[in-house]
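Okay everyone, thanks for squeezing me in. I'll put the sequence and the model up first, then talk through the packing.

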Amino acid sequence: MIFLVKAELFRMQNIKGLFRQMNDLIDKQYLAHIPTLPLLAVLFITISLAYYLPYHFRNVYDPIPITKFYSLYSIVIFLANLTIFHVRWILVLGIYLTGILILVFSFQPLFLQAIIFLIKI
């Protein structure tokens, strides 16, 4: 009986040590230290703009104004990231490209032009 209790205590100590090692390993990774609030702010602003632009230009069937506005947004978001958000550039670029996908699929004329372009290839 005493042997079983000692074996169980030894197993629990090994499990605690394992969890401690896992926590130390996770703390050393970069993903554990990403600033979440600025990252969510960039994501929210980009998705909001990607849904707002097609609504704002719903009666305009030329994709040039919406493309210019979103290109201007790229300059703004990269400058804001440089001064305010301090998120990794690759993450901001990925969020920006995701916004382009949302924009293309929610703006019907731009979506049709993208489909025609892909068919011609």
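So, at what angle do H3 and H4 pack, and how far apart are their axes? The angle is about 160°, and the axes are 11 Å apart. The axes here are lines fitted to C-alpha atoms, for helices over the stretch in contact, and angles run from 0 to 180 degrees between N-to-C directions. That makes H3 roughly antiparallel to H4; the label goes to angles over 145 degrees, while under 35 counts as roughly parallel, 65 to 115 as roughly perpendicular and the rest as oblique.

Quick housekeeping. This is a predicted model, where local features need pLDDT of at least 70 and side-chain atom pairs count only at pLDDT 80 or more, while totals for chains, interfaces and linings use all residues. Residues are numbered from 1 along each chain as its sequence is written, and side-chain values use heavy atoms, with hydrogens and water left out.

Zooming out for a second, the protein has five helices and zero strands, so reading from the N terminus you get α-α-α-α-α. Helices and strands are DSSP runs numbered from the N terminus: H or I with at least four residues for a helix, E with at least two for a strand. Of the 121 residues, 24% are buried, meaning under 20% relative accessible area with a 1.4 Å probe and protein chains only; exposed is over 50%, and partly exposed is in between.

Back to H3 and H4. Their crossing is right-handed, which is the case when the near helix is turned clockwise from the far one by less than a right angle; anticlockwise would be left-handed. On the H3 side the contact (heavy atoms within 4.5 Å) includes Ile66, Tyr70, Tyr73 and Ile77, and H4 brings in residues including Trp89, Val92 and Tyr96. By class, that contact has 12 nonpolar, four polar and no charged residues. For the record, Ala, Val, Leu, Ile, Met, Phe, Trp, Tyr, Cys and Pro count as nonpolar, Asp, Glu, Lys and Arg as charged, and the others, Gly among them, as polar.

Now H4's other partner, H2. Helix H2 (residues 36-56) packs on helix H4 (residues 89-106) at about 20°, with the axes 9 Å apart. That makes H2 roughly parallel to H4, and this crossing is right-handed too. Among the contact residues are Leu39, Val42 and Leu53 of H2 and Ile95, Tyr96 and Leu103 of H4. The classes here come out as 13 nonpolar, three polar and no charged.

What sits in the middle? The largest nonpolar core has 18 residues, and Leu53, Ile66, Tyr70, Tyr73, Ile77 and Phe85 have the most contacts inside it. A nonpolar core is a set of buried Ala, Val, Leu, Ile, Met, Phe, Trp, Tyr and Cys residues joined through side-chain atoms within 4.5 Å. H2, helix H3 (63-85) and H4 each give two or more residues to this core, and H3 gives the most, with six. The buried residues of H3 pack against H2, H4 and helix H5 (108-120). Take isoleucine 77: leaving aside neighbours within four places in sequence, it touches Val42, Phe85 and Val92.

One last oddity. Most residues other than glycine have a negative phi. Histidine 86, just after H3, takes a positive phi of about 55°. It's found in the loop between H3 and H4, and at 54% relative accessibility it counts as exposed.
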